Amino acid sequence: MSNDYIDQQVNEIFENDDFIFPLNSAMAAAWILGNLKGINLKIYDVSKISSLGDYYVMGSATNIRQAHAMAEEICQQLKKHGMKIISTEGKADSDWILIDLGDILVHIFLEVSRGNYNLETLWEEATPIEIPNSYYFSADEDESEDTDKSYF
């Protein structure tokens, strides 16, 4: 995936009038997670139940390298849009990376460890935000372009 493509898609999310600040930042983070093959994506509106932020974004990676790439891309893209990275925790071979952006918190887990933390139960009262299916990476779209699969 090219940097120009990522820039273009993130810019479109920030320009989308349906997503006002800070929801646009949360949606951009979710798009990055999904398009870097993240799984089990969630966004919660916690503005009424937490003083730590307005939105919590959660996603899982299948390995540490993927998790680090996700965290780096989120930080890089959101900085381009004026967000300040307050802190990043857990990047030293951890199974949970936390990015604190003030209004939003991004949690990137290794999928094999996500259940150990079970953060979803802490936010049972939070309002889940729907993430469009188009935010997820999908090889099926690429396959649909080539309907003649004559391998032999």
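This note goes through helix H3, the aromatic pairs and two buried side chains of a predicted model.

1. Helix H3 spans residues 64-80, 17 residues in total. From its first C-alpha to its last the helix reaches 25 Å, close to the 24 Å expected at 1.5 Å a residue.

2. Both ends of H3 have a local feature to check. At the N-terminal end, Asn 63 acts as the cap, with a side-chain oxygen 3.1 Å from the backbone nitrogen of Arg 65. Just after the helix, Gly 82 has a positive phi of about 85°.

3. The buried residues of H3 are Gln 66, Ala 67, Met 70, Ala 71, Glu 73, Ile 74, Cys 75, Gln 77 and Leu 78. Polar side chains are on this list, including Gln 66, Glu 73 and Gln 77.

4. What do the buried residues of H3 pack against? Two of the partners are helices, H1 (3-15) and H2 (23-35). The others are strands: S2 (55-61), S3 (87-89), S4 (96-100) and S5 (104-110).

5. Gln 77 deserves a separate look. This residue of helix H3 counts as buried because its relative accessibility is 2%, under the 20% cut-off. Leaving aside residues up to four places away in sequence, Gln 77 touches Ile 6, Asp 7, Val 10 and Ile 32. Of these contacts, Ile 6, Asp 7 and Val 10 fall within the range of H1 (3-15), and Ile 32 within that of H2 (23-35).

6. Phe 19 sits in the loop between H1 and H2. Is this loop residue buried or exposed? Its relative accessible area is 15%, so Phe 19 is buried, the limit being 20%. With residues up to four places away in sequence not counted, its contacts are Ile 13, Asn 24, Met 27 and Tyr 135.

7. Six aromatic pairs are found in a search of the whole structure. One of them joins Trp 96 and Tyr 117, with 4.5 Å centre to centre and 55° between the planes, a tilted arrangement. The two residues are 21 apart in the chain, Trp 96 in strand S4 and Tyr 117 in helix H4 (residues 111-117), and the pair thus links distant parts of the chain.

8. Neither ring residue of that pair is classed as buried: Trp 96 is partly exposed at 23% relative accessible area, and Tyr 117 is partly exposed at 31%. Strand S4, which holds Trp 96, is also among the elements that the buried residues of H3 pack against.

9. Elsewhere, Tyr 44, Tyr 56 and Trp 123 make up one aromatic cluster.

Methods: Residues are numbered from 1 along each chain as its sequence is written. This is a predicted model: local features need pLDDT of at least 70, side-chain atom pairs count only at pLDDT 80 or more; totals for chains, interfaces and linings use all residues. Side-chain values use heavy atoms; hydrogens and water are left out. Helices (H or I, at least four residues) and strands (E, at least two) are DSSP runs, numbered from the N terminus. The expected span of a helix is 1.5 Å times one less than its number of residues. Buried means under 20% relative accessible area, exposed over 50%, partly exposed in between (1.4 Å probe, protein chains only). Contact means heavy atoms within 4.5 Å. A polar contact is a pair of N or O atoms within 3.5 Å; within protein, one must be able to donate a hydrogen and the other to accept it, and residues adjacent in sequence count only if both atoms are side-chain atoms. Rings of Phe, Tyr and Trp (its six-membered ring) pair if their centres lie within 6.5 Å; planes under 30 degrees apart count as stacked, over 60 as edge-to-face and the rest as tilted.
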